[in-house]
Every structure is written in C-alpha cells, then in structure tokens.
Amino acid sequence: MRTKLTMYEPIKGIDVDDDYQCREKKDIESAALQISRSSLPLPDKERLVSLDVFRGLTVALMILVDDVGGILPAINHSPWDGITLADFVMPFFLFIVGVSLAFAYKNLSCRFAATKKAFIRFLKLLLLGLFLQGGFIHGLNNLTYGIDVEKIRFMGILQRIAIAYLVAALCEIWLKGHHNVSSELSMIKKYRFHWVVAFVITTIYLSLLYGLYVPDWEYQISTEDQASTLTTFLNLKVKCGVRGHTGPGCNAVGMIDRMFLGIKHLYRKPAYARTKQCSINFPNNGPLPPDAPSWCQAPFDPEGLLSSLMATVTCLVGLHYGHIIIHFKDHKKRLNQWISRSFCLLMLGLALDLFGMHLNKPLYTLSYMCVTVGASGFLLSAIYLMVDVYGYKRASLVLEWMGIHALLIYVLIACNLVFLIIHGFYWKKPINNLLHLIGIGK
C-alpha cells in the first residue's frame, strides 16, 4: 500500500498546493481525494451535540432578551459602556460559527470549490440580512412593506455574521499548514497564519479606534406636526475635534460608518438613546432631558464596519476552539485547553476594562471581545461536559432542535416574520387580529 502512495505523490498535494488540478480529469481528482483523505483522521461517528445545544441556548437567550429586555433593563443591551446578558448573544453566535467551520473544512478536497461555496453562503446571509433588517419590513403594527433605497440599512446581525464567516472560512481554506498535530505547540504551528490574521485585524482596529481624528459633524432630523401634517427638518451639529474618544458622539466607529455607508443608512434607534444624558427614564427610553447632548438623536449602527473587525476575531478564536475538537479526541485534553484559554481571555478582558479600555458592545472593544469569548469558552465546556461527556442529552433535546434550526427560528421568530403573517389575517380592521387579542404588538 505504501508503494502505491509514492506513485501518486505529485497528485497528493491537491488540497494544499496544486489547486489548479481540481479542474483536470475526474479520475485523477478522485484518486487524489482518496489519498488525501487517507492521511486525515476519520470523522466522528456522532454529531457534536453540545455545539447544537449551545446554538439553541443562544437562540433561546436572544428571544428572551428581545421580548423581556424592555421590561427588565438589567438583561437588555447596555446603553453604552458595560455588559449585560443581551450583550453576550452576538459573540456567542460568532464563536459558534468559528467552531463549526473547523468541522466544515475538516476534510478539504478542493480549495477553489470550497472558496466558491463560502462566497455563495456569504452572499446569501448578506442578502437575507438586508431583507430582514434593512427596513423593508415595517413592524408588527404596520402591514405595509418596502424601503426607500436611499435609507436602507446596510449593516445588521446577519451581515456581521456573514463577514466574520467569510474571513474565517478563507483562513481555514487557504492558510492552514500541513503539519501533523500531536501537541498544543504543533497545533499552534499548523494554524499560525490564522493568529497572524487575528493579530493584524486587532492592530488595525485599535489603530483606527484610537488614532483617527474625529471632526465636528452634523445630521438632520425630521418632526411632523400632526395638526398641520407638515414635516419640518432640523439640522443638529455635534462638536468633536478629538482623537481616540470612545463616547457615543465622537468615536471613530461611527465616523467610519458615516463616511463609507452614509448617515442615512445607519441604525436609527441606537442603544445610547437610553443613557442618562439622553433619557429622563434611564435606563429605559424616554423624553430627552433639557440639557441633552446634540448626538442623542443621531443614527449609529451597532453592527458597523470597524466594530465588525473585532467580531471577526471572535469567529477566528472560535475556529481555534474547533481545532481543539478536531485534533484532540480525549475529553480531558479538550476541556483543559478550553478552560485554560477561556480563563486567560476573561482575565485579559477584565484587566483591559480596569485600565480604561471599557467593555463596550457598540464599539466591540478588545476587552469586550476577550470577556465574551472567554464566557463562550466556559459555556461550551460546561455544555460539552454535561451533554457529550456525561450523556445528559434528553434534557437538552429542545435546545438541540433549536440549534439545528437556528436560522429558521431567527427568521420566523426573532425577526417577527411569523407574527407578521398572523397579523395579516384580521376581522374588518387591522387592529382586530389574534396578536392584538393576546397582547402582542400593542
């Protein structure tokens, strides 16, 4: 058998160096694929249930904070600095995407084909995100639909996941080494270019966040007079002229979004409208205080361009946790590596927050990334221990099902699509519908 392998040695590199051979004859491609698979570990017989449970738990958490967050501010998104239960949802999803990618590209036969599929999935998520969060759907109390393309929101939850997914997928497809993994050091060596990418992205983010000069800027708000049905426009100016500021009005994250996306294409209900400076009902929404800053009514996208850089790093770290599953089959080794890395990340994030780099989801600061990834690692370890090690799978069947169908649940429930469909059937007047009867959408 070994002599046969040497005969195909020039073909063996099909999945690492000679991708152009993917377009050649099918018999050569098939032979090379068979040989490349023979040198890789066999796939696990069972699906990693804990990953589906983790994803399902995140979906359940997302629904909880969306529906109850307005009632309990303690679990709603933090208005600016600080972290709450709701602020863990996005990092959990990004972390899970990274872990899943390690399985998706475990046995890679053709890098060009894998790249094509990654771009297709990226575009699907991007377009779905534009449809669901771009403003096309007008909410539960409005049966109209459609959006002025001059005001469509470009970024959103699925768009951010799409960007992070694409970067992590390309790293896994093209920047994976050829070394055999027998220890933690050899695994780091195999994926060293992944860490180079993560370091470069982090450096770019920190350089722009703290190095860019933010000048004064202005925006326009409209008010409608219900008596005369007239719409008046008011221009508001935000005074900045600072560098490295991380407050709501004068940060580089918002400036880059205004510059490249346009202020009309940003999220119009930012969380900082609930800050003490902007709401007399803090930490809930409310009327503006008399001395409210001029930026209180300005659009700001919590899933903006610059902040999505650090979101991508979250996905890359999740990919590393997935590599631990792929290369280490012993439960104890997996758990030891996950817990040790999670502890270090959590301590690093808390230390950064202590020294002034505050935990901040809208900016997706480095400290926020470290703390949320550390929490993700601890939660994955706990679920893995309960479900995959001790076998308590029946207790998590519902969460497992939710995890397998996470995207469908997000579209139908979290984006209110199923409620909009139900709302579309009413008696004589739109207000006479089943949702209104049970108190949803009032």
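This report walks through the overall make-up of one protein model, three pairs of helices that meet, and a few residues worth a visit.

## The whole protein

Keep in mind as you look around that this is a predicted model. The protein contains 17 helices and 6 strands. Of its 442 residues, 45% count as buried. The surface that the protein exposes comes to about 23300 Å², and carbon and sulfur atoms supply 64% of that area. How do contacts spread along the chain? If you take the contacts between residues at least 6 apart in sequence, 70% of them join residues at least 24 apart.

## Three helix pairs

Let's turn to how some helices meet. The table gives the axis distance and crossing angle for three pairs.

| Helix pair | Axes come within | Crossing angle |
|---|---|---|
| H7 (residues 157-174) and H11 (residues 307-327) | 9 Å | roughly 50° |
| H9 (residues 192-211) and H11 | 9 Å | roughly 160° |
| H4 (residues 49-68) and H14 (residues 397-404) | 6 Å | roughly 85° |

Start with H7 and H11, whose axes cross at roughly 50°. That angle makes H7 oblique to H11. The crossing of this pair is right-handed. On the H7 side, the contact is made by Arg-160, Ile-163, Ala-164, Tyr-165, Val-167, Ala-168, Cys-171 and Glu-172, while H11 brings Ser-307, Ser-308, Ala-311, Thr-312, Cys-315, Leu-316, Leu-319 and His-323. Sorted by class, the contact of H7 with H11 has 10 nonpolar, 4 polar and 2 charged residues.

Helix H9 also meets H11, and here the axes cross at roughly 160°. H9 is therefore roughly antiparallel to H11. This crossing is left-handed. Residues of H9 in the contact include Trp-195, Ile-201 and Tyr-205, and among those of H11 are Met-310, Val-313 and His-320. The contact of H9 with H11 divides into 11 nonpolar residues, 6 polar ones and no charged ones.

The third pair is H4 and H14, with a crossing angle of roughly 85°, so these two helices are roughly perpendicular to each other. From H4, the residues that take part are Val-49, Asp-52, Val-53, Arg-55, Gly-56, Leu-57, Val-59 and Ala-60, and they meet Leu-399, Glu-400, Met-402, Gly-403 and Ile-404 of H14. By class, the contact of H4 with H14 has 8 nonpolar, 2 polar and 3 charged residues.

## Residues to visit

Which residues does Ile-96 touch, leaving aside its neighbours within four places in sequence? They are Leu-51, Phe-54, Arg-55 and Thr-58. Ile-96 itself sits in helix H5 (residues 89-104). Ile-96 counts as buried because its relative accessibility is 2%, and the cut-off for buried is under 20%. The C-alpha atoms of Ile-96 and Gly-377 are separated by 9.9 Å, although the two residues are 281 apart along the chain.

Next, find the loop between helix H10 (252-260) and H11, which holds Pro-283. A cis peptide bond joins Phe-282 to Pro-283, with omega at about 10°.

Last comes Tyr-364, in the loop between helix H12 (331-354) and helix H13 (366-389). Its phi is near 50°, a positive value in a residue other than glycine. Is Tyr-364 buried or exposed? With a relative accessibility of 0%, Tyr-364 counts as buried.

Technical notes
Residues are numbered from 1 along each chain as its sequence is written. This is a predicted model: local features need pLDDT of at least 70, side-chain atom pairs count only at pLDDT 80 or more; totals for chains, interfaces and linings use all residues. Side-chain values use heavy atoms; hydrogens and water are left out. Axes are lines fitted to C-alpha atoms, for helices over the stretch in contact, and angles run from 0 to 180 degrees between N-to-C directions. Helices (H or I, at least four residues) and strands (E, at least two) are DSSP runs, numbered from the N terminus. Angles under 35 degrees count as roughly parallel, over 145 as roughly antiparallel, 65 to 115 as roughly perpendicular and the rest as oblique. A crossing is left-handed if the near helix is turned anticlockwise from the far one by less than a right angle, and right-handed if clockwise. Contact means heavy atoms within 4.5 Å. Ala, Val, Leu, Ile, Met, Phe, Trp, Tyr, Cys and Pro count as nonpolar, Asp, Glu, Lys and Arg as charged, and the others, Gly among them, as polar. Buried means under 20% relative accessible area, exposed over 50%, partly exposed in between (1.4 Å probe, protein chains only). Accessible areas come from the Shrake-Rupley method with a 1.4 Å probe; for residues, only the protein chains shown count as cover.
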